[in-house]
Structures are given as C-alpha cells and as structure tokens.
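Reader: I should like a close look at one part of this structure, told slowly and as one connected account. Please explain the words you need as you go along.

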Amino acid sequence: MARIVVDPVTRVEGHLKLEVEIEGGVVVDAWTGGTLWRGIELIMQGRDPRDAEQIMQRICGVCPTAHATSGILALDDAMGIEPPPNGRIIRNLILGSNLIQSHILHFFHLAALDYVKGPDIAPFKPRYEADYRLPADVNAQAVDIYLEALTIRRKAQEMLAIWGGRMPHVQAIVPGGVSEVPDTSKIYKFLNYLQEMQEFIENKYIPTVKAVADVYSDWLSIGTGCQNLLVYGGYPLEAGLDHVKKKKFWESGVYIRGQYKELDISKITEEVTYAWYKDDTNGTTPDVAVVSPDADKKDAYSWIKSPRYNGEAMEVGPLARQWVLKNPEVVALGDKAFSVMGRHFARAIETSHLAAAMKEWVLQLEPGQPVCVPHELPKKEVVGVGLCEGSRGALGHWHRISSGGRTMVYNAVVPTTWNSGPRTGSGAATVRGPMEQAIIGTKVADPNNPVELVRIIRSMDPCYGCAIHIMTPDKKTMNQFAIN
Ligand code: NI
C-alpha cells in the first residue's frame, strides 16, 4: 500500500494537506487536513456585536462579502429588523458581484490549468503534467481567456464597489440595510459593468467549461462524493425575518440519501473527533460552540471542524444549489452531476442565471427611497443566525449577544468546513468528509504526478482561509511536496 501526501495543495485558497492510501492504483482512504488554526471568532468575544460585519469579513480576502452578509443577517435577526427593499437589493447586488468574480477566478485561475496547457512560463508553471487533451486551437483560445479573465475580475470588483464602497472588505453593509444610496448614474454604471460580465459569462466562461467537459467527459463520473447536499438559500426577494421560509432567488433545502427535504437548521451540529479541538465541544450546535484548540490531540489531523446535518456529511456549493433547485440543465445530467465536471458545469450555469437576475434587481432600485432602518441593540440575551449562499456554498454565522450588548459567542460555519472537514465517528460508524468521500475510489495513474486528486479537490473550490483562520506558531513545514 502506497501513501501519497500533497502538502500544500496549490491553486486552492488557503492551506490544505491531502493524504491518501493507494492500493492497486486506486485510492482506498483519504484524509483532508486544514493546516492553519481557526480562531478569528475569538476576537469578537466581549466586543460590540456591530463590529462583526467588519471583523468577520477579514476571515478571507476572496469571500469577504459572504461573511459581511451572514454577519449582518445575524445582527438583523438578533435585533428583529429588516432592511427596506433598496437595502435588500443592494446587499444582493454586492454579494452577487462577488460571486461572479469568484466563480471566474475559480474556473480560470485555479482549476483550468488542470485541463488547459499554458505556455511553459509562470503563472502557468509549475504544474502537474496532466493528460492535456484539448484541440490546439481550443487550448490556445482558453489561454487567451485565462488572461482576459484577469481584467474581467478587476471589473467585477469595480462593479461591486459601486455599492460596497471598496473590495475586498466592503464598507456599505450595515445593520438594517446599507449605507450606499442609489441614483440613476450608479444604476447605469452598474448595468454597463454587468453587461460586460454577461457577455464574458455567455461567450467565454460557459463555452470554455463545455469545451473542457466535452473532451474530459470521463470526469463526469469521477469525484462523486457523498451525494448529500445542503443549501441555506440566499438572495432574498422579499422581507421576512424567517430566512428559511421567505422567498429567495436560491431557495433553501437539503437532498439527503436521495430525498429532497426542507432545511431544518436545528439538525446542524459540529463535530471535532479528528480536529485539533478539545472534545468538550463535540456534537454541539453552532450557537454554543466555542473553539478550544488542542494541538496535541491524538489522532486529530485538521484544524477544520466537521459540521454534520442529522449526523450526515453534506456537500455544499453550486452543485448543491442547482440540484436542490432542480435546475433542469443540471438535473438532466442525472448521477453524472455528482462529479468533477458536474460541479464546474453547475458553477458556470448559476453564474449566468444570477447575472441575469441581478439585471432585473438593479432596475428595481428606487432612488430617493430609504436604504436602511434604525436599529437598537437587544436588551436581553439573544442568538442571531445569519444564513446566506457564498460563492462556495452555505455560510452560517451564529452570534450570541449578552443582555449588556456584548458578543458572547461567535461561530462561523463556512462552506469549506462542510466540504473539507475531517471524518467523524469511529469504526463502522465513521463518516468521512465530503471531499474525502469524493477522492476515495479514484484511479491514480502516476503516484508521482497525482493530478486526479487535485482535480477533485479543485472542483469543490475550497477556501481554507475561511475554514481556518490563524497560522500555527509551531514549526510546520510549508511548501513541501512529498510522495511515497
Ligand atoms: Ni474564503
């Protein structure tokens, strides 16, 4: 039995160590470990809870808007307030602009080089030497689009900043709404940017994904995973404090063991059996869980906790959203949707759908109408829950506020903890994380060049910056790539 260690896995956001055992050229077991310590929520303890929106989005420079959104939704929930339509819409436009930027980043600048052979210069090297199969003209075009995508992403950030003030780490999202006031010039400026985004998505992004999927069609059967899916839902289309019940562009739901079900967030727990945290928080709900690190814990291999839904590992992200929404193009793939290419396809399709919806939303803004309602800190102990759909999937912030108006517990359960958390349970009751499950059973042609493994990981677009937040002070070796 051979063991492959990839540490760090490159072209993902943050730091992941992957270990697999291989027998007869097939992966028989896998361990995904986040190698930096999570701890940013501890900074929130004892602070004015309204600091959450600014502090928590520092978790990550790629997904800050999702954390700003969940952070503020948790505060709205705790204070029992709802933004007026302008505030709701502008929040949706900020989050949507970031999703467009992030999905283009993910496909072209993180994942594409597993399929597109760039010139033998940086940033196209170093790389795994994959089985590059694209016809020469398609490959050359994809390299051109890779470069063009850099400019498009800059413009997506500028588009976001019309409403958010800046990017990364937006300024305009506040309790009860936003601080940016719409006027016709901002609306038309936004529409101009959005038009360019849509042209890129329809004429470059989706065709490139389809061209890759055509010649790598075997990757529609690789990287299946747990086939349990979870969606908190996002982009509210109406007012209403009950996030699960109110109408949203992407509705909430779960798909579990082949059944579609309503989301019940009381079924969410966090497990730390194989994570470097003290076991006293094992199995607790997110509103009470306070991380207590235990770097010497026996058998632990990750700084990522493992969220579970009714004890089950759940995949989150574009595939989960589009499958739970029964998007006809994704559902038409059948079981092949649960695959590396299925995830890339779902991601590209949802970018197109969201951009089209944003065009309608921006035209619903009403200059001169309020963007925000006043707020007051609660006078009793209360837990606010903020759920949204980040680019990478379901993101929840749980925020317990004391009667004196201070943060007692803050807990962010992020998409990458769902997808890339370590196993839970033991013996026959072991439940491996979704990414571990997706990797097991994969054929690895050359253990010295395990491109198959990183293709599966990258299809889930993990963000370890979000999942685990502060570097360990120990002597961890970085930039090591060991193969046994
Ligand atoms: Ni992130």
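Author: The helices and strands named here are runs assigned by DSSP, a helix having at least four residues and a strand at least two, and they are numbered from the N terminus. The model itself is predicted, and the part to follow is the empty space in it, together with the elements that border that space.

With those names, Asp 461 can be placed in the loop between helix H12 (451-459) and helix H13 (464-467). Its phi is positive, near 50°, although Asp 461 is a residue other than glycine. Is Asp 461 buried or exposed? Its relative accessibility is 2%, and because buried means under 20%, Asp 461 counts as buried.

Now to the enclosed spaces. Rolling a probe the size of a water molecule over the atoms shows where empty space is left. In the whole structure, the search finds two cavities of 30 Å³ or more. The largest cavity has a volume of about 60 Å³, and its lining includes Cys 463 and Cys 466, along with Cys 63, Ala 66, His 67 and Arg 392. Helix H3 and helix H10 (415-420) are the elements that give two or more residues to this lining. Sorted by class, the lining of the largest cavity holds seven nonpolar, four polar and one charged residues.

H3 deserves a pause here. Running over residues 64-79, H3 is mostly covered, since 15 of its 16 residues are buried. How far apart are the end C-alpha atoms of H3? They are 22 Å apart, and the 16 residues, at 1.5 Å a residue, should span 22 Å, so the two values agree. After H3 comes Gly 80, whose phi is positive, near 65°.

H3 also leads to the largest pocket, which holds about 370 Å³ of space. The pocket is lined by 25 residues, and the closest to its centre are Leu 73, Leu 241, His 243, Lys 246 and Leu 387. At least two residues of this lining come from each of H3, helix H4 (85-111), strand S7 (234-236) and strand S13 (382-390). The lining of the largest pocket divides into 12 nonpolar, six polar and seven charged residues.

H4, one of these pocket elements, is followed along the chain by a loop that runs to helix H5 (136-164) and holds Pro 123. The peptide bond from Ala 122 to Pro 123 is cis, with omega near 5°. Beyond H5, the loop before strand S4 (173-174) contains His 169, which has a positive phi of about 70° although it is not a glycine. His 169 is buried, with a relative accessible area of 14%.

The account closes with the second largest cavity, which has a volume of about 40 Å³. Among the residues that line it are Glu 41, Leu 42, Val 290, Lys 305, Val 409 and Tyr 410. Helix H1 (40-44) and strand S15 (407-413) each supply at least two residues of this lining. Which element gives the largest share of the lining of the second largest cavity? That element is S15, with three residues. By class, the lining of the second largest cavity has six nonpolar, two polar and two charged residues.

Notes. Residues numbered from 1 in each chain as written. Predicted model: local features only at pLDDT ≥ 70, side-chain atom pairs only at ≥ 80, totals over all residues. Heavy atoms only, no water. 1 Å grid on protein atoms, 1.4 Å probe; cavity = no way out; pocket = protein on both sides within 12 Å on 5 of 7 lines; lining within 4 Å. Points joined across faces, edges and corners; volume = space filled by probe spheres on them. Nonpolar A, V, L, I, M, F, W, Y, C, P; charged D, E, K, R; others polar. Buried < 20%, exposed > 50% of the residue type's maximum accessible area, 1.4 Å probe, protein only. Expected span 1.5 Å × (residues − 1).
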